[in-house]
Structure formats: structure tokens, C-alpha cells
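Please load the model in your viewer and keep a selection panel open. The tour below goes from one selection to the next and says what is found at each stop.

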Amino acid sequence: MSLNKKTLIALLALTALGTAQARNDSLMLPIEEVIQMGMADGKLDGSVKFYMSGARTPAVNARLGEDVSNKKTNGVGKDDQTACKWAALSALIAFQDSAKQKGANAVVDLHSFYKKVPVKNAHEYECRAGAVVVGVTLKGTYAKTR
């Protein structure tokens, strides 16, 4: 193989790799599916309820601070929606664990917060799917509700 062909092949491979890594698709997916998956798997125990921004929320007796959970998962070999659910579930588990430590029984005003840009939706979260990594960033407020 001549040097020109090797160079051309190397450039094409680098271009394809750069294009694949540049993927950053935004998906809006229902949070309820993630909560149900977590409950069925026993990863969420129901002691902490999750309320998205704009969703109907019980009266809040006390706010116990805000937090951000940024979770990623390997998307290789998984479809985007499946990988997104796993990343979102990891974020909810982190919120559940912290809420218990703070004495909270809910996370309210939960919303997507990718690159510190709030995306508020009463039923859906934003997931970012790349060529290899899939991530979900959520921000919420720990609360004691009735």
C-alpha cells in the first residue's frame, strides 16, 4: 500500500472517529418509567418521592437544600433509551440516599440541568447520548412533605 493510501485511510478513520465522538443527542424521556423500573428492581424503596418541576406536589413543610446529581453510563451495545434509563436511575438513587441522610421524604422541583442549563418539564427528563457515554444531570430540592 502506498504512503498516500495509508495517509488517506488514516485521515478517514480519524474523521469517522471525530464524528462519532461528537454525537451529543438530547432525548426527553418519561421519569415515571425510571421510577417504576427502580421500584421493581428494589433500587428505589418508595421512602423518597420524586416530583418534577411543574408537577403536582404535596405541601412542603421544610426545604432541606438543593443538590445536583450527574450520572453517566456506558452506552456501547445499548439503545439510547435503555442507557438513559440506567443513568437517570443512578441519579435518582443518589438523590434517595442523600434525602434519607438529610431526613427528607421527597425531592421537589426536580429538573434536568445539563451544563447548568435548567430544563423543566412536569413529566420528562433530558438525557444526553453520545457515541460511548450517556448522561443525565438532575437538580432538585430535598424536602419534607405531608
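Select K139 in this predicted model and display its side chain: with a relative accessibility of 19%, K139 counts as buried, because the cut-off for that class is under 20%. Add E66, whose side chain meets that of K139 in a salt bridge with an N to O distance of 3.5 Å. E66 belongs to strand 3 (residues 60–74) and K139 to strand 6, so the pair ties together parts of the chain that lie 73 residues apart in sequence. In contrast to its partner, E66 is exposed, at a relative accessible area of 54%.

Move next to E126 and R128, which form a salt bridge whose closest N and O atoms are 3.0 Å apart; E126 is buried, with a relative accessible area of 8%. Then select R23, D25 and D80, which are joined into one network by salt bridges that share partners.

The next pair to pick is K85 and E33, a salt bridge in which the closest N and O atoms are 3.2 Å apart. K85 sits in helix 3 and E33 in helix 2, so that selecting both highlights distant parts of the chain, 52 residues apart. Both ends count as partly exposed, K85 at 25% relative accessibility and E33 at 39%. In total, the chain has 7 salt bridges.

Now hide the charged side chains and turn to the interior. Which residues touch the most other members of the largest nonpolar core? Select F50, L92, L110, Y125 and L138, which hold that place among its 29 residues. Elements that give two or more residues to this core include strand 1 (25–30), strand 4 (106–112) and strand 5 (124–129), while helix 3 gives the most, with 9 residues.

Keep F50 in the selection and add I31, E32, I35 and K49: of the 15 residues lining the largest pocket, these five are the closest to its centre. The pocket holds about 250 Å³ of space, and helix 2 and strand 2 each supply at least two residues of its lining.

Finish on the surface with V76, V132 and V133, which make a nonpolar patch of about 240 Å². V132 is placed in the loop between strand 5 and strand 6 and counts as partly exposed, at 43% relative accessibility.

For a last view, colour the chain by secondary structure: 3 helices and 6 strands appear, following the pattern α-β-α-β-β-α-β-β-β along the sequence. Of the 146 residues in the chain, 35% are buried.

Note on methods. Residues numbered from 1 in each chain as written. Predicted model: local features only at pLDDT ≥ 70, side-chain atom pairs only at ≥ 80, totals over all residues. Heavy atoms only, no water. Core = buried A, V, L, I, M, F, W, Y, C linked by side-chain atoms within 4.5 Å. Buried < 20%, exposed > 50% of the residue type's maximum accessible area, 1.4 Å probe, protein only. Helix = DSSP H or I, 4+ residues; strand = E, 2+ residues; numbered from the N terminus. Patch = residues over 30% accessible without salt bridge, like charges linked within 9 Å, V, L, I, M, F, W, Y side chains within 5 Å. Areas by Shrake-Rupley, 256 points an atom, 1.4 Å probe, with all protein chains shown as cover. Salt bridge = Lys/Arg side-chain N within 4 Å of Asp/Glu carboxyl O. 1 Å grid on protein atoms, 1.4 Å probe; cavity = no way out; pocket = protein on both sides within 12 Å on 5 of 7 lines; lining within 4 Å. Points joined across faces, edges and corners; volume = space filled by probe spheres on them.
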